[in-house]
Amino acid sequence: MNLFSMELRQNLKTMVIWTAVSGALTLLLTLLYPAMLSSDMLALFNAKLVALPKELVAMFNLSGEDIRQLPQFFAYFFQFVMMAACVYGATLGLSVISREESDGTIEFLYAKPLRRTQIVTGKLLAAAVTFVIYFMGVAIGGVAGCLAVKPEALDMMTLLTAVKSVLAGGFIAGLAYMFVGLALSVLLRRPKHAASLASALFFGTFIAGSVPRITGVLDFLKWLSPINYVMPGEVVMDGLNGGYVLILAAVMASAGALTYIAYSRRDLIG
Amino acid sequence: MPAEPRFYDRLTVKELLEYSGRFYSPKADAEEWMRRFDMEPKKKIGQLSTGNRKKVSLAAALACRPKLLILDEPTSGLDPLVRQTLFEALREMRSGGCTVFLSSHNLDEVQSLCDRVAIIREGRIADVRTLNDLTARRAKKVTVTGSHLPETFDGQTMKLVFRNEGRVVFTYHSADMAALLRLLAAMEISDFLVEDISLSDIFMAYYTGGEVSK
């Protein structure tokens, strides 16, 4: 508990910044919905899409179709918020242990009556709670925005169910990146620059996962990116795919187990 | 306690010591050590000098009432007053049953604090002895200035350390002090100095391959 609360405290400053920026961005983007409904804006949006290379359109899953519906509009822009959430998740996972090692404070922690597994548990829980708080900020921004711009004709339950699924998908993807980042931080020796590594992890898997959409070949690559398991455009139509969610849960469990096993052998000179 | 302790720079001294103390049951209270080491509780760790960081590290280590203390160069960067406080604290810990491992290049402090000494050479323990044992086996270092100084040394009782014109330094390895006095009386000397070989000389002997203390 002591380690957990100290970790939360260490994460606090960046968490507040990320939460405020992502929450406000989600809210503001949702509030743009009425403007998107105007035919001029839609025409402009479609014209810009036509001008973009089709590979780029495919990579970022851009489409003007159905954007007039609020759930689809929310799902459309939320994929970009989700990217930010995934980068933050990966940063949290990568930095939680490596920060102590690069700062040299791990010597202090190793001199305390703590097992390696207790260190991982305290840090993992703190990172998870940090991510939950962050994502609550995003969810509040999204839901508040949706409620503010909800057309009267749209059923409240339909909207909330769709938004909830999209948000849940984003949360799971971000959490998956956090676990993978955590495992990587233990497997790589003394990783420095967690933020750049997190970006590399996210964009590496994202680009690899986009290859099938762009080229139409190498279909298996799409499984490399957790985002492809919970793509907002698909989730808003069909809901979360239980099988995909189970796969991501298995990825998280494996990464978590790997972290515990690898870290229990960690030593100062190891 | 590492030689160069590193902590969470954004915490204050008090916050860090409280954080450290909460890992123990009952909670380790560092108030007494903060007072004894004359520390500034509200100062941020990031603003502390090396010596003050060391004091934080010592307070954190001593407050948890350890049964075993491993200290790496505990006095480097400390001012003489704090050093004295630390020595007192270590003697208290020792008399309270705590085993203290102390790594130091300062052999005077080793000599004044330790019961047993391990000499490490090239990463390996070259020898482990009690300080009493080392002291009992100590030879004398003799420095003689004058003319008609001894030309030869047997390499057993007397070993040449240094010679130049009019000055000889040798070690004397015998408990027979009367024989040493007779030897000195036979020389034409203008000055002489007979002293115990220090722990430092003994230590150096392990590095130069000599056997000063034997």
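This is a short chat about the interface and the pockets of a predicted two-chain model.

Biologist: How many residues of chain B are in contact with chain A?

Modeller: Twelve, and they touch 18 residues of chain A. The two chains bury about 1,600 Å² between them, with 56% of that on carbon and sulfur atoms.

Biologist: Which residues in chain B lose the most area to chain A?

Modeller: B:Arg6, B:Tyr8 and B:Phe23, which together make up 43% of what the chain B side buries.

Biologist: What about salt bridges, how many between the chains?

Modeller: One. The side chains of A:Arg9 and B:Glu15 form a salt bridge, at 3.2 Å from N to O. Six residue pairs are in polar contact between the chains, counting pairs with both residues at pLDDT 80 or more. By class, the side of chain B that touches chain A has seven nonpolar residues, one polar and four charged.

Biologist: Switching to pockets. How much space is in the largest pocket?

Modeller: About 900 Å³. Its lining has 29 residues, and B:Leu102, B:Ser103, B:Arg116, B:Val117 and B:Ala118 lie nearest the centre. Elements of chain B that give two or more residues to that lining include β2 (99–103) and β3 (116–121).

Biologist: And which classes make up that lining?

Modeller: 20 nonpolar, four polar and five charged residues.

Biologist: Which residues are closest to the centre of the second largest pocket?

Modeller: A:Glu107, A:Ala111, B:Met1, B:Pro2 and B:Ile70, out of 21 lining residues. That pocket holds about 560 Å³ of space.

Biologist: Which element gives the most to its lining?

Modeller: β1(B), with four residues. α6 (106–110) of chain A and α3 (50–63) of chain B also supply at least two each.

Technical notes
Residues are numbered from 1 along each chain as its sequence is written. Chains are lettered from A and ligands numbered from 1 in the order in which they are written. This is a predicted model: local features need pLDDT of at least 70, side-chain atom pairs count only at pLDDT 80 or more; totals for chains, interfaces and linings use all residues. Side-chain values use heavy atoms; hydrogens and water are left out. Contact means heavy atoms within 4.5 Å. Buried area is the accessible area (1.4 Å probe) that two parts lose on being put together, summed over both. A salt bridge is a side-chain nitrogen of Lys or Arg within 4 Å of a carboxyl oxygen of Asp or Glu. A polar contact is a pair of N or O atoms within 3.5 Å; within protein, one must be able to donate a hydrogen and the other to accept it, and residues adjacent in sequence count only if both atoms are side-chain atoms. Ala, Val, Leu, Ile, Met, Phe, Trp, Tyr, Cys and Pro count as nonpolar, Asp, Glu, Lys and Arg as charged, and the others, Gly among them, as polar. On a 1 Å grid over the protein atoms alone, a cavity is a set of points where a 1.4 Å probe fits but cannot get out, and a pocket is an open set with protein on both sides within 12 Å along at least five of seven lines; lining residues have an atom within 4 Å of a point. Grid points are joined across faces, edges and corners, and a volume is the space filled by probe spheres set on the points.
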